[in-house]
Amino acid sequence: MTEEHPKHYTAMHIIYQFKGKDLPMDKLEKAINLSQDRYCGVSFVYRKTMKLTHEIQILN
């Protein structure tokens with residue numbers, strides 16, 4: 001977050017959590033990439049103003 005007013009975020013880290021057994025990591029990564037690059041308007045707008053990173057977590 002910036003120190004100056006108006007304060008705003010300079011980066012965002014998104015955690016995608018999936019629950020299940022034997023989930024195909026390649027398909028999860030493909031779905032997330034399609035979401036971020038093509039279908040999610042929010043990610044598109046945020047990417048213009050801040051660094052976006054993500055990670056995948058598999059919950060058992």
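A polar contact is a pair of N or O atoms within 3.5 Å, where one atom must be able to donate a hydrogen and the other to accept it. Keep that in mind, as we will use it twice. What you see above is a predicted model.

Let me start with Thr2, where the definition applies right away. A polar atom of the Thr2 side chain lies 3.4 Å from the backbone oxygen of Glu4. Thr2 sits in the segment before strand S1, which covers 11-19. Is Thr2 buried or exposed? Its relative accessible area is 18%. The limit for buried is under 20%, so Thr2 is buried. If we leave aside neighbours within four places in sequence, Thr2 is in contact with Lys7, His8 and Thr10.

That brings us to Thr10, which is also in the segment before S1. Thr10 is partly exposed, at a relative accessible area of 43%. Not counting residues up to four places away, Thr10 touches Met1, Thr2, Met50 and Lys51. For a sense of distance, take Thr10 and Lys30: they are 20 residues apart in sequence, and their C-alpha atoms are 26 Å apart in space.

Now the whole chain. The secondary structure comes to 2 helices and 2 strands. In what order do the elements run from the N terminus? The order is β-α-α-β.

On to overall dimensions. The C-alpha trace spans about 45 × 25 × 10 Å along its principal axes. The radius of gyration is 14 Å, while a compact globule of 60 residues would have one near 10 Å. Of the 60 residues in the chain, 13% count as buried. The accessible surface comes to about 5200 Å², and 55% of that belongs to carbon and sulfur atoms. As for contacts, consider those with a separation of 6 or more: residues 24 or more positions apart account for 67% of them.

Next, strand S1, and one residue in it, Phe18. Phe18 has a relative accessibility of 25%, so Phe18 counts as partly exposed. Which residues does Phe18 touch, not counting those up to four places away in sequence? They are Leu23, Leu28, Ile32, Ile56, Gln57, Ile58 and Leu59. Leu28 is 10 residues from Phe18 along the chain, and the two C-alpha atoms are separated by 8.8 Å.

From the strand we move to helix H1, where Gln36 has its place. Gln36 is buried, with a relative accessible area of 11%. Here is the second polar contact: the side chains of Gln36 and His54 are joined by one of 3.5 Å. His54 also appears among the residues in contact with Gln36, once neighbours within four places are left aside. The others in that list are Ile14, Tyr16, Ser43 and Arg47.

Arg47 leads to the next item. How many salt bridges does a search of the whole structure find? The search finds 1. The side chains of Asp37 and Arg47 meet in a salt bridge, at 3.8 Å from N to O. Asp37 lies in helix H1, residues 25-39, and Arg47 in helix H2, so the pair ties together parts that are 10 residues apart in sequence. Asp37 is exposed, with a relative accessible area of 56%. Arg47 is at 37% relative accessibility and counts as partly exposed.

We stay with helix H2, which covers residues 41-49. Which residues form a nonpolar patch on the surface? They are Val42, Phe44, Val45 and Tyr46, and together they have about 360 Å² of accessible area. Two members of the patch deserve a closer look. Phe44 lies in helix H2 and counts as partly exposed, at 45% relative accessibility. Val45 is found in helix H2 too, and is partly exposed with a relative accessible area of 48%. Why can both residues be in a patch? Patches are made of residues with over 30% relative accessible area; Phe44 has 45%, and Val45 has 48%.

One last distance takes us back to the start of the chain. Val45 and Met1 are 44 residues apart along the chain, and their C-alpha atoms are separated by 17 Å.

To recap two points: Gln36 in helix H1 shares a polar contact with His54, and Asp37 shares a salt bridge with Arg47. That is the end of the talk.

Definitions and conventions:
Residues numbered from 1 in each chain as written. Predicted model: local features only at pLDDT ≥ 70, side-chain atom pairs only at ≥ 80, totals over all residues. Heavy atoms only, no water. Patch = residues over 30% accessible without salt bridge, like charges linked within 9 Å, V, L, I, M, F, W, Y side chains within 5 Å. Areas by Shrake-Rupley, 256 points an atom, 1.4 Å probe, with all protein chains shown as cover. Salt bridge = Lys/Arg side-chain N within 4 Å of Asp/Glu carboxyl O. Helix = DSSP H or I, 4+ residues; strand = E, 2+ residues; numbered from the N terminus. Buried < 20%, exposed > 50% of the residue type's maximum accessible area, 1.4 Å probe, protein only. Contact = heavy atoms within 4.5 Å. Rg over C-alpha atoms; globule rule 2.2 N^0.38 Å.
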